[in-house]
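Me: I should like to learn how to read the main features of a protein model. Could we work through one together?

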Amino acid sequence: MKASRPIASRLRRNVAAGTLLALISIPMAHAAQTPPSLHVQAQSSVEVAPDKATLNARLWENTPAHSNLEDSDGDELTAARERLERRVGELITTMEDSGLERDAINAGSLNIYPEQVQGARSDNGDGDGETLQRTRLERPVTVELTDLDQLGEMFDALMDAGVNALDGVQFDVQDRDAATDEALVKALEKAQHKAELMADTLGADIGHVQHIEETQSPIFQPRMMAMRAESSASADTGSGAVNEYRPGNLRIEAGVNVTWTLKEPDAPDHPDSDAAAQE
C-alpha cells in the first residue's frame with residue numbers, strides 16, 4: 001500500500017500540469033489565428049512601339065565546282081575571298097555614307113563551307129549530271145538601327161551590295177526596363193482596383209498588404225518578322241514606288257498575386273473569413 005502512494009501522487013501532478021498547459025495554450029491559439037484576408041490575382045499588358053531594328057543578312061561567294069575538292073586551285077579560293085571582302089567593304093562604305101555610325105554595323109567573321117552541286121546533264125539529256133564539289137565563303141552582316149525611318153535606305157544598300165540572304169528584321173525597344181516596369185505597375189494597379197471593388201461591394205475595407213508575388217514576370221520578346229512593303233504612285237510628282245514599313249507594336253504581359261488583410265468598416269477585426277477572386 002505504501003508503494004502505491006508515490007505513484008498516485010505523480011499521476012495527480014501530471015494531470016495538474018497537463019491541465020495548466022492546456023489553459024495556457026488556449027489564448028496562444030487565439031493569438032496565432034490567421035486574420036481574414038482578400039486574395040486577388042490580376043494580369044495586365046502594355047503595347048510598345050518599337051524604336052530599334054536589327055537587320056541580319058549574309059553575303060557569300062563560291063569557288064568553281066570540281067569533281068573533287070582536291071582539284072580546286074588555291075588561287076580560286078583566294079579570288080572568291082577577295083570578291084567577298086570587296087562586296088562587304090562596299091556595303092559598309094555605303095551605309096556609313098548614309099549616316100549610319102560604324103558601331104551600328106557588325107561584319108562577322110569569315111565562314112567556309114564545302115558544298116555539293118549537281119553537274120550538267122549529258123548531251124542526250126538522260127540521267128543526272130555528276131555531283132561536283134565547291135567551297136562557299138560567307139560573311140554575316142548585322143545592322144542595328146535606332147531610327148526606323150532608315151530601314152528603306154538600308155535595304156537599298158543591301159540590295160546594291162547583292163546580298164545573298166536577308167534573314168529577317170528583329171524589332172525591339174531601346175529601354176526594355178521602362179517597358180517591363182510599366183506592365184508590372186499596371187498589373188499591380190489592376191489588382192488593387194479589383195480588391196477595393198470587391199471589399200466595397202461586400203461592405204468591408206482592405207487593410208495592409210500581406211503578400212505580393214509575380215505570377216508571370218513581364219515577358220518581352222523582340223519580334224522577328226518580314227517587312228510589309230506597300231507601293232504607291234504619287235499623282236503630283238509622278239515619282240516611282242514608295243516603300244512603307246509597318247512593324248506593329250510589341251506586347252508585354254505581366255501578372256501578380258496580392259493578398260490584403262480584410263476588415264469591416266470602422267472595426268479592427270473581422271470574423272475569420274476569406275474572399276478570393278481569380279481572373
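Reply: The dialogue below goes from the overall fold to single residues. Please keep in mind that this is a predicted model.

Me: Which order do the helices and strands follow along the sequence?

Reply: One begins with the count of elements and then reads their order. This protein has four helices and 10 strands, arranged along the sequence as α-β-β-α-β-β-β-α-β-α-β-β-β-β.

Me: What percentage of the residues count as buried, and how much accessible surface does the protein have?

Reply: Of the 279 residues, 30% count as buried. The accessible surface comes to about 17500 Å², and carbon and sulfur atoms account for 49% of that area. As for contacts, among those between residues at least 6 apart in sequence, 82% join residues at least 24 apart.

Me: How should a single helix be read? What span does H4 reach, and what span is expected?

Reply: One compares the end-to-end distance with the expected span. Helix H4, residues 176-201, has 26 residues and reaches 38 Å from its first C-alpha to its last, close to the 38 Å expected at 1.5 Å a residue. Its buried residues include Ala179, Ala183, Ala187, Ala191 and Ala195, and Lys194 is also among them. After H4 comes glycine 203, with a positive phi near 70°.

Me: Is asparagine 257 buried or exposed?

Reply: The relative accessibility settles the matter, with buried meaning under 20%. Asparagine 257 counts as buried because its relative accessibility is 9%. This residue lies in strand S9, residues 250-263.

Me: With which side chain does the side chain of asparagine 257 make a polar contact?

Reply: The partner is the side chain of histidine 39, at 2.9 Å. Leaving aside neighbours within four places in sequence, asparagine 257 is in contact with His39, Val40, Gln41, His211, Ile212, Glu213 and Thr215.

Me: Ile212 appears in that list. Is isoleucine 212 buried or exposed?

Reply: Isoleucine 212, in strand S7 (residues 205-219), counts as exposed because its relative accessibility is 53%. Together with Leu188 and Val209, Ile212 makes a nonpolar surface patch of about 240 Å².

Me: What of a residue that falls between the two classes? Where does threonine 78 lie?

Reply: Threonine 78 lies in helix H2, residues 74-97. With a relative accessible area of 42%, threonine 78 is partly exposed, since that class lies between under 20% and over 50%. The C-alpha atoms of threonine 78 and threonine 63 are separated by 9.1 Å, the two residues being 15 apart along the chain.

Technical notes. Residues numbered from 1 in each chain as written. Predicted model: local features only at pLDDT ≥ 70, side-chain atom pairs only at ≥ 80, totals over all residues. Heavy atoms only, no water. Helix = DSSP H or I, 4+ residues; strand = E, 2+ residues; numbered from the N terminus. Buried < 20%, exposed > 50% of the residue type's maximum accessible area, 1.4 Å probe, protein only. Contact = heavy atoms within 4.5 Å. Areas by Shrake-Rupley, 256 points an atom, 1.4 Å probe, with all protein chains shown as cover. Polar contact = N/O pair within 3.5 Å; in protein donor to acceptor, adjacent residues only side chain to side chain. Patch = residues over 30% accessible without salt bridge, like charges linked within 9 Å, V, L, I, M, F, W, Y side chains within 5 Å. Salt bridge = Lys/Arg side-chain N within 4 Å of Asp/Glu carboxyl O. Expected span 1.5 Å × (residues − 1).
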